[in-house]
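Work through the exercises below with the sequence and the model at hand. Each task is followed by its solution in steps.

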Amino acid sequence: MSRAARLLFLAFAPAFVAAAADAPARSSPTRPGAVNAAPTGAPPPPAASSESALPGRRFGRVEYVSLPAAASRLGARLTWVESGRRLELKGPGGRAEIEVESREITVNGLRVFLGDPVVANGGEAFVSRVDHERCLSPLLRPGHGQAPRAAPRVIVLDPGHGGTDPGKVNERLGISEKTLTLDVARRAKRLLEADGHRVVLTRDDDSFVALPQRAAAARAANADLFVSIHFNALPRDTRTSGVEVYTFAPRFQRSTNAWGGGERDDTEDFASPVNRHDHWSVVLAHAVHRRFVNDLKSADRGKKLMHLAVLRPLDCPGVLVECGFLSSDAEARKISTPAHRQQLATVIAAGVRDYANTLARTRGK
Ligand SMILES: [Zn+2]
């Protein structure tokens, strides 16, 4: 986050206390600000389920639940694929492959990062309670324990960066993130309007919009969902390509990229407004992620968690999509073509459509 952005952030969000700085460069290349801002008086998230909570057990400072118990709660079948090491979980919403001592799982063929590693103890596997309630549940049994949710009408699309903030730039090709995100957002807007949605863009020209203002625009529009559109880049790396999909990290979990050696543990012990919507944010993220990987054949960099300032104040489900790497000349060349940007818009719109269909199915139950 630039100094100007930081000042604007403070100016526009008096209820927030800005503290820490940008996230590590290697792991969070283009997110404009993973700002640690503690909302004063943020309400606690609703319980993920009205059922009685599963009994917990602490490993370290994290509360876990037994994976067999979690599976039965989700109506899923759990089997060891490799004794003591790998498990398979089959639920109404799909199939997960889980590895002991790992945070990375596969759900319906897609890479998904849990907030805490799976643990084995006494021949039994355990998953953190937060991962059970806010990752496995939305992915394997969407809508479980949630109030029925109306079909999305108002969709807010957020073209990342703008104005004095170009985002990532590929100087060799002369293209910048801020121009590409706006073009993809405009294309997605047309597609979603054709589906009957009201679509609001957080900016529709080359202007700078502070991160909290973007979420505020979504609140003002009574948004039913929010998609922030970005492109990625890595320093001194011209090979990495593919899609990353982010949701805001749940309370008590750290950002996916804050696990590496030397990274600061950014766990927050308070809930932010968007955490009320963790369940549906994950459903939305999975739908968009699936379309990128299955339809567009994007290399799968995973569904990740991050304390993203642009998502934090939302009062609706929200995701941030890194649509591809501008630091990869091969991928950037594709992204520079209108045809590819139309495809990006198409998979975003298709993901939203899938999400709406999942909502409709959960209402029909
Ligand atoms: Zn960006």
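**Exercise 1.** State how E8 and strand E9 (residues 124-128) pair, and over how many bridges.

*Solution.* In this predicted model, the pairing of E8 with E9 is antiparallel and runs over three bridges. One residue pair can be named: Ala125 in E9 is the bridge partner of Ala120. Next, place the pair in its sheet. The sheet is open and has four strands, ordered E1-E2-E9-E8, with antiparallel pairing. Strand E1 (57-59) and strand E8 (119-121) each have a single partner strand and stand at the edges, so one side of each has no neighbour in the sheet. On average, neighbouring strands here are turned by 45° against each other, direction ignored.

**Exercise 2.** Find which strands helix H3 (residues 129-140) touches where it packs on this sheet, and give its angle to E9.

*Solution.* H3 touches strand E2 (62-66) and E9. The direction of H3 makes about 70° with that of E9.

**Exercise 3.** Determine in which sense strand E10 (residues 154-159) and E13 run, and which residues of E13 lie on its covered face.

*Solution.* E10 and E13 run parallel and are joined by four bridges. Opposite Val154 stands Arg198 of E13. In a regular strand, side chains alternate between the two faces of the sheet. Now sort strand E13 (residues 198-201): Val199 and Leu201 make up the covered face, while Arg198 and Val200 are on the uncovered one.

**Exercise 4.** Locate the largest nonpolar core with respect to the domains, and explain why it lies there.

*Solution.* Start with the members. The core has 90 residues, and those touching the most other members are Leu157, Leu284, Val288, Val319, Val321 and Ile348. Helix H8 (residues 338-364) supplies the largest share, 10 residues. Domain 1 (57-140) and domain 2 (149-364) both contribute residues, so the core lies between them. To follow one member, take Leu284: leaving out residues up to four places away in sequence, Leu284 touches Leu225, Pro317, Val319 and Tyr355.

**Exercise 5.** List the buried residues of helix H5 (residues 211-220) and state the sign of phi at Asn222, which follows H5.

*Solution.* A residue counts as buried when 20 or more other C-beta atoms lie within 10 Å of its own. In H5, this holds for Leu211, Pro212, Gln213, Arg214, Ala215 and Ala218. The phi of Asn222 is positive, near 55°. For the protein as a whole, 52% of the 365 residues count as buried.

How values were computed
Residues are numbered from 1 along each chain as its sequence is written. This is a predicted model: local features need pLDDT of at least 70, side-chain atom pairs count only at pLDDT 80 or more; totals for chains, interfaces and linings use all residues. A residue is buried if 20 or more other C-beta atoms lie within 10 Å of its own, exposed if 12 or fewer, and partly exposed in between; C-beta atoms are placed from the backbone. Helices (H or I, at least four residues) and strands (E, at least two) are DSSP runs, numbered from the N terminus. Two strands pair if DSSP finds at least two bridges between them. Axes are lines fitted to C-alpha atoms, for helices over the stretch in contact, and angles run from 0 to 180 degrees between N-to-C directions. Two residues are in contact if their C-beta atoms, placed from the backbone, lie within 7 Å. A nonpolar core is a set of buried Ala, Val, Leu, Ile, Met, Phe, Trp, Tyr and Cys residues joined through C-beta atoms within 7 Å. Domain bounds come from an automatic or database domain assignment.
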